[in-house]
Amino acid sequence: MADMYRKRLFSPPKSSFFLFGPRGTGKTQWLSHQFESAHVRFDFLDEDLLLRFLSEPASFSRALDQVPPSKWVVLDEIQKAPQLLSYVHKAIEERKLKFVLCGSSARQLKRKGVNLLGGRASERYFHPFLPQELKESFDLTKNLEVGSLPLVWNAEDPVERLKAYVQVYIRQEIQAEAAVRRLPSFIRFLPVVALFHGQTLSASSLARDSGVARTTIHGYLDVLMQTLMIFQLEAFTARLRVKEVKHPKLYWFDSGVVRALKKNFGLVHPEERGALFEGWVAQTL
């Protein structure tokens with residue numbers, strides 16, 4: 001089982017990079033194997049460490065000063081401490097340190113005024129298991145039913161793990177980051193937008209079905225995109241100028257999460273199979 005987490009189809013860059021991916025995709029396990037020789041690793045899930053560095057950034061700078069030049073440094077959950085990226089920038093420039101900046105959300109890092117290192121770190125993305133990674137254990141039926149999140153795939157009770165995952169997402173990604181002002185309306189919005197998996201996106205339909213103002217819908221969709229839960233496929237246009245407005249298609253990053261949000265568990269219903277399969281193809285590509 002451990003090899004499944006470590007041997008992913010992902011080759012890290014040779015210089016500093018951001019590694020983004022939804023919770024449960026196995027980033028931390030992969031990092032612990034791929035960068036086990038990293039000189040130092042800071043995990044900002046450690047609240048004491050996070051508070052110490054945020055209240056006294058100079059202590060973070062001093063910690064980096066102890067790292068020999070050109071060595072790797074791993075910063076996990078970097079979205080919790082975007083203020084520290086200025087020190088990362090300085091360490092890359094002056095001491096040639098190389099960083100893995102890992103996070104489950106790009107929202108805090110893309111706010112105005114955050115130092116994104118001026119192109120000195122590339123961006124890479126981690127995803128749920130691919131068929132090539134699962135090899136002989138790959139099962140399309142299971143994939144459509146519970147998804148392929150490593151956290152869920154190897155669980156004794158995938159359904160219970162999915163239920164917990166949805167709650168963790170709401171609590172840690174939304175509440176902790178204060179991403180939305182009115183959490184009840186966002187929770188009401190989630191199962192509705194799950195129905196649009198593999199469908200053409202219509203903000204007016206989303207607003208009507210969820211009872212949320214249309215002006216708020218775009219902000220909610222942006223939260224889902226920045227926390228890497230959804231992605232969009234833009235409509236094809238043969239010419240640069242067309243009269244009609246073509247809307248994108250919306251896809252969730254994992255079929256199990258979609259079904260959990262809709263409270264659909266067990267065997268896949270015939271009416272949902274097509275959208276789930278299409279979403280799986282889109283995510284795999």
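This report describes the overall form of a predicted protein model and then three local regions of it.

**Overall form**

The protein contains 14 helices and eight strands. Its radius of gyration is 20 Å, close to the 19 Å from the globule rule for 285 residues, so the protein is as compact as a globular protein of that length. Further whole-protein values are tabulated below.

| Property | Value |
|---|---|
| Span of the C-alpha trace along the principal axes | about 60 × 45 × 40 Å |
| Exposed area of the protein | about 14800 Å² |
| Separation of the mean positions of positive and negative charges | 6 Å |

Carbon and sulfur atoms supply 52% of the exposed area. The charges comprise 40 positive and 30 negative ones. Of the 285 residues, 49% count as buried. When contacts between residues at least 6 apart in sequence are considered, 70% of them join residues at least 24 apart.

**Helix 11 and its surroundings**

Helix 11 covers residues 203-210, and its buried residues are Ala-203, Ser-205, Leu-206, Ala-207 and Ser-210. An α-helix has 3.6 residues a turn, so residues three or four places apart point the same way. The buried residues of helix 11 pack against two other helices, namely helix 10 (183-194) and helix 12 (214-226). Just after helix 11 comes Gly-211, with a positive phi of about 70 degrees.

**The sheet of strands 6, 7 and 8**

Three strands form an open sheet in the order 6-8-7, and their pairing is antiparallel. Strand 6 (199-200) and strand 7 (230-233) are the edge strands, each pairing on one side only. Between strand 7 and strand 8 (residues 249-252) there are four bridges, again in the antiparallel sense. Within this part of the sheet, Phe-231 stands opposite Tyr-251 of strand 8.

**Ser-148**

Ser-148 lies in the loop that joins helix 7 (140-146) to helix 8 (150-153). Is Ser-148 buried or exposed? The relative accessibility of Ser-148 is 5%, and buried means under 20%, so Ser-148 counts as buried.

Which residues are in contact with Ser-148, leaving aside its neighbours within four places in sequence? They are Pro-128, Phe-129, Asn-143, Trp-153 and Asp-254. Leu-130 is 18 residues from Ser-148 in sequence, and the C-alpha to C-alpha distance between Leu-130 and Ser-148 is 7.7 Å.

Terms used: Residues are numbered from 1 along each chain as its sequence is written. This is a predicted model: local features need pLDDT of at least 70, side-chain atom pairs count only at pLDDT 80 or more; totals for chains, interfaces and linings use all residues. Side-chain values use heavy atoms; hydrogens and water are left out. The radius of gyration is taken over C-alpha atoms; the globule rule is 2.2 Å times the number of residues to the power 0.38. Buried means under 20% relative accessible area, exposed over 50%, partly exposed in between (1.4 Å probe, protein chains only). Contact means heavy atoms within 4.5 Å. Accessible areas come from the Shrake-Rupley method with a 1.4 Å probe; for residues, only the protein chains shown count as cover. Lys and Arg count as positive and Asp and Glu as negative; His and the chain ends are not counted. The place of a charge is taken as NZ of Lys, CZ of Arg, CG of Asp or CD of Glu. Two strands pair if DSSP finds at least two bridges between them.
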